[in-house]
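Biologist: I should like to ask for a close look at one part of this protein, set against the chain as a whole. Please explain each step in a way that a first-year student can follow.

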Amino acid sequence: MWIYEKKLQYPVRVSKCDPHMAKLLLEQYGGADGELAAALRYLNQRYSIPDKVVGLLTDIGTEEFAHLEMIATMAYKLTKDATPAMMKAAGLGDHYVAHDNGLFYQNAAGVPWTAAYIQSKGDPIADLYEDIAAEEKARATYQWLIDMTDDVDLQDALKFLREREVVHSQRFREAVEILKHECAAQKVF
Ligand SMILES: [Fe+2]
């Protein structure tokens with residue numbers, strides 16, 4: 001069960017209308033290493049992970065939905081004042097004719113999100129290593145998104161998200177060590 005708190009995890013401000021940047025941000029909305037994939041990957045893996053780390057997957061999976069909400073807010077704010085001509089010039093003409101300025105789970109190239117982006121091997125170590133890789137890829141993508149804009153307000157929220165990926169990666173690494181230690185004690189591996 002979840003309780004919704006009606007505020008963003010971190011404030012999202014943008015200083016200008018920039019539909020092209022919104023297009024790029026979709027990589028973290030419906031892309032392979034994006035927030036939707038992260039949230040669904042971790043929450044789904046909980047059922048076969050040892051009890052000692054299931055809380056970690058719940059915590060991080062839940063937080064990823066809060067990050068998804070921040071990305072959605074950025075994309076909406078960057079496009080809400082865009083004209084059809086501006087959307088077309090930004091490479092969002094295809095998006096405009098299907099969705100106006102509504103959001104859709106797709107990556108920066110317009111490819112719809114797919115469950116093939118995520119894995120659930122049922123093996124705790126394999127799943128946690130996938131999670132660490134996912135966090136590192138998300139961190140890298142946030143850095144490259146920061147590099148693509150001169151909007152300091154947008155950069156501020158993107159830097160927050162980049163740092164959360166670092167924290168998540170560290171916590172998943174700790175979970176691996178916890179399970180390795182536990183397995184060694186039980187002589188499982
Ligand atoms: Fe994350």
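Biologist: Not counting residues up to four places away in sequence, which residues does W2 touch?

Modeller: The model is a predicted one, and the answer below should be read with that in mind. W2 touches L43, R46 and T62, once residues up to four places away in sequence are set aside. The residue itself is found in the segment before α1, a helix that covers residues 19–25. One of these partners can be described in more detail: the side chain of W2 makes a polar contact with the side chain of T62, at 2.8 Å. W2 counts as partly exposed because its relative accessibility is 49%, and the partly exposed class lies between 20% and 50%. As for a distant part of the chain, R173 is 171 residues away from W2 along the sequence, and the C-alpha atoms of the two are separated by 26 Å.

The partner L43 leads to helix α3. This helix comprises residues 35–45 and is mostly covered, with nine of its 11 residues buried. L43 is one of the buried residues, and the others are E35, L36, A37, A38, A39, R41, Y42 and Q45. The cover over these buried residues includes α2 (27–30), α4 (51–79), α7 and α8 (152–186). A general point about helices is useful here. An α-helix has 3.6 residues a turn, so residues three or four places apart point the same way.

It helps to place this region within the whole chain. The secondary structure consists of eight helices and zero strands, and the order from the N terminus is α-α-α-α-α-α-α-α. The radius of gyration is 18 Å, which agrees with the value near 16 Å that a compact globule of 189 residues would have. Along the principal axes, the C-alpha atoms fill a box of roughly 65 × 30 × 30 Å. Of the 189 residues, 43% are buried. Consider next the contacts between residues at least 6 apart in sequence: 77% of them join residues at least 24 apart. The accessible surface comes to about 9800 Å², and carbon and sulfur atoms account for 56% of that surface. The chain also carries 21 positive and 29 negative charges, whose mean positions are 1 Å apart.

Helix α7, which is part of the cover over α3, contains L145. L145 is buried, because its relative accessible area is 6% and the buried class lies under 20%. Leaving out residues up to four places away in sequence, L145 touches M21, L24, L25, Q28 and L158. For one of these partners there is also a distance: L25 is 120 residues from L145 in sequence, yet the two C-alpha atoms are 7.1 Å apart in space.

Helix α8, also part of the cover over α3, offers two further examples. Q155 lies in this helix and is buried, with a relative accessible area of 15%. Beyond its neighbours within four places in sequence, Q155 is in contact with I146, T149 and D150. E182 has its place in α8 as well, but this residue is partly exposed, with a relative accessible area of 23%. E182 and K52 are 130 residues apart in sequence, and their C-alpha atoms are 9.6 Å apart in space.

The loop between α6 and α7 completes the picture. N107 is found there, between α6 (93–99) and α7 (124–147). Although it belongs to a loop, N107 is buried, with a relative accessible area of 11%. The side chain of N107 reaches the backbone nitrogen of A109 at 2.9 Å. Apart from neighbours within four places in sequence, N107 is in contact with L26, E27, G30, G31 and Y117.

D100 lies in the loop between α6 and α7 too. D100 counts as partly exposed, at 44% relative accessibility. Its backbone deserves a remark, since D100 has a positive phi of about 55 degrees although it is not a glycine. Most residues other than glycine have a negative phi.

To return to the question, W2 touches L43, R46 and T62, and among these L43 belongs to the buried residues of α3.

Technical notes:
Residues are numbered from 1 along each chain as its sequence is written. This is a predicted model: local features need pLDDT of at least 70, side-chain atom pairs count only at pLDDT 80 or more; totals for chains, interfaces and linings use all residues. Side-chain values use heavy atoms; hydrogens and water are left out. Helices (H or I, at least four residues) and strands (E, at least two) are DSSP runs, numbered from the N terminus. The radius of gyration is taken over C-alpha atoms; the globule rule is 2.2 Å times the number of residues to the power 0.38. Buried means under 20% relative accessible area, exposed over 50%, partly exposed in between (1.4 Å probe, protein chains only). Contact means heavy atoms within 4.5 Å. Accessible areas come from the Shrake-Rupley method with a 1.4 Å probe; for residues, only the protein chains shown count as cover. Lys and Arg count as positive and Asp and Glu as negative; His and the chain ends are not counted. The place of a charge is taken as NZ of Lys, CZ of Arg, CG of Asp or CD of Glu. A polar contact is a pair of N or O atoms within 3.5 Å; within protein, one must be able to donate a hydrogen and the other to accept it, and residues adjacent in sequence count only if both atoms are side-chain atoms.
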